[in-house]
Amino acid sequence: MINNVIYTSIKRSIAILPKGYGVKSMYLFFGIIINSFFDIIGLAAILPILAATLKPGFILENKYTSALYNYLQFSEVNYFIVFLCLIIVLFILGKNLFGIWIQKKQAEFCWQVHEEVSSSVLNKAYQRGFLFFTQNNSNRLLNRISGVPSLFAQNLILQIIQFLNEATILLIVISSLMIYDVLILVILAVVVLPFFTIFYQTNKKRVAESHERINQLAPLIAQPIFEIVFGFVDVVIGGVFENFKSRFLNHIAEAKKLRIKLLVIQSIPNRLIEICVILSIITMLLYGLFILSDIPKILTLLSIFGLAAYRTIPSINRLLLATINIKGQQFTLDVIEEMLQDKSENIADAADVPFKNEIRIENISFKFPDSSQQVLQSVSLTINKGDAVGIIGKSGSGKTTLMNIILGFLKPTEGNILIDGVPLKEKNIPSWQRNIGYVRQDVFLVDGNVLENVAFGISKEKIDVKAFEIAIERARLTEFVQQLPEKEYTKIGERGAKISGGQRQRIGIARALYHGAEVLCFDEATSALDSETEEEITEAIRSLHSTDLTMIIIAHRKSTLKYCDRILDINSLKQADTVKEK
């Protein structure tokens, strides 16, 4: 069972590790092995000192120590012993400095694995598209993209390396004991193995279940906090803070109990070690007393046993804990493998899709994957470059779904969208989306200044200030920015908490213009605004209509669409009204 868990974990982990990290892990493994060898050498180096102390004349009688003693031309055995002690101290110092360096490399490796795997998972999640992000809980996604890769790197990869290291060292120590005195090995096996075997079999399942449940609780703990932060007004007005707090604390309490359980389980092997060491020493003493009847031999046997036990029993402890933790972290492999599955089409041959003449929607139908009901059925529409087209319809009639299909976020179940006769496909959607600006009812704003929000996603040093000024002028935002205390560098708060709804909409328009949009899509952009602010946004749209921008505007009030060339009813997509003919 143990072999199967370790083997499958190693095999699956190697498949997940980024290219080149398998070799890096081997280098790290050999470094840890060397460090462990140094541990053994450091312990073995004490044996001559113990022998020289317990048995006068050992230095001159032993051929190795005698040769070194004569080569260095010592005249006094005690001085030679002091010399050996100094050499051992220097070796131990160097060994520990090397150990610190290995620990640093180990930490670097694990965090690099976390970084690379998180990046790969994020890329795959991003490639799955709009539906994947909208149909999954944000806290759960955050945990899968960052939390689980961290557990994979820190709690699985590291434990696998630890297991292999301890298994190798244990094999070396056991082989050495077999050569020196098989009796010590037999006593160790008889005393230690039953305790640790029972412990592993008893706890492996509960540790695995506890680790998996703690991971499940991570997004559940964060969720009430996010809901309080982003729904603060509703929480206060509804007087439901205690309900959210209760959910938060209940999950915290459950996680606390599980972590305490794991802490207790992981502390048990240390206590078992103490029991095993005492039992082994008593066994050795009784063996020496009744079988050997030789005090020097008993002392020598106990010394060798003590050194062997000092290195062997902690190795068994770490080996056991590593095995249990590897078993407990199997869910990280399941999650990462599922996230890294390639569920998107190959878009290696990306293609540009220039827009010069028209957008043609041909017999578009759409239904969501988990639904049998058609949201859109056989919709056809042509939008010429420079047109301003308004789309109206009841809530739930499919207006936003049609917009998301035009934006390339949703893939029609039937029909095509053609840009200048070129079908919109996976390979040219990124190019098409670079031509589009999207202004929603709830414009997404980062916790930064006006400049950063208009030049969304652009690093500060690369922001084109001139393009920013042109964009805010076209969005009728210049006067507002000039009145701010720090102009465009004024912080507007998380999600634009410090500015009005109309100002948020204009920042959304300015953002689209800054990024060079040729097509502007408005999705109920003014529905949450008062009539005066709505009129201001409508006037901004009117001023943009005089340019060569193409605009698609979804609204529930015709007043917002009064400057459109056509107003179309989503249900029939027949010309419902003509406000202005170009």
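Student: How many salt bridges does a search of the whole structure find?

Tutor: The search finds twelve salt bridges. This is a predicted model, in which local features need pLDDT of at least 70, side-chain atom pairs count only at pLDDT 80 or more, and totals for chains, interfaces and linings use all residues. Residues are numbered from 1 along each chain as its sequence is written, and side-chain values use heavy atoms, with hydrogens and water left out.

Student: Why is the pairing of Glu518 and Lys385 called a salt bridge?

Tutor: The term requires a side-chain nitrogen of Lys or Arg within 4 Å of a carboxyl oxygen of Asp or Glu. Glu518 and Lys385 meet at 3.0 Å, N to O, so the pair satisfies that definition.

Student: What makes this pair a tie between separate parts of the chain?

Tutor: Glu518 lies in the loop between helix H19 (501-514) and strand E7 (519-523), whereas Lys385 lies in the loop between strand E2 (376-384) and strand E3 (388-392). The pair therefore ties together parts that are 133 residues apart in sequence. Helices (H or I, at least four residues) and strands (E, at least two) are DSSP runs, numbered from the N terminus.

Student: Arg566 forms a salt bridge with Asp387, the closest N and O atoms being 3.5 Å apart. Is Asp387 buried or exposed?

Tutor: Buried means under 20% relative accessible area, exposed over 50%, and partly exposed in between (1.4 Å probe, protein chains only). Asp387 has a relative accessible area of 8%, so Asp387 is buried.

Student: Why is Glu518 called partly exposed?

Tutor: Its relative accessible area is 28%, so Glu518 counts as partly exposed.
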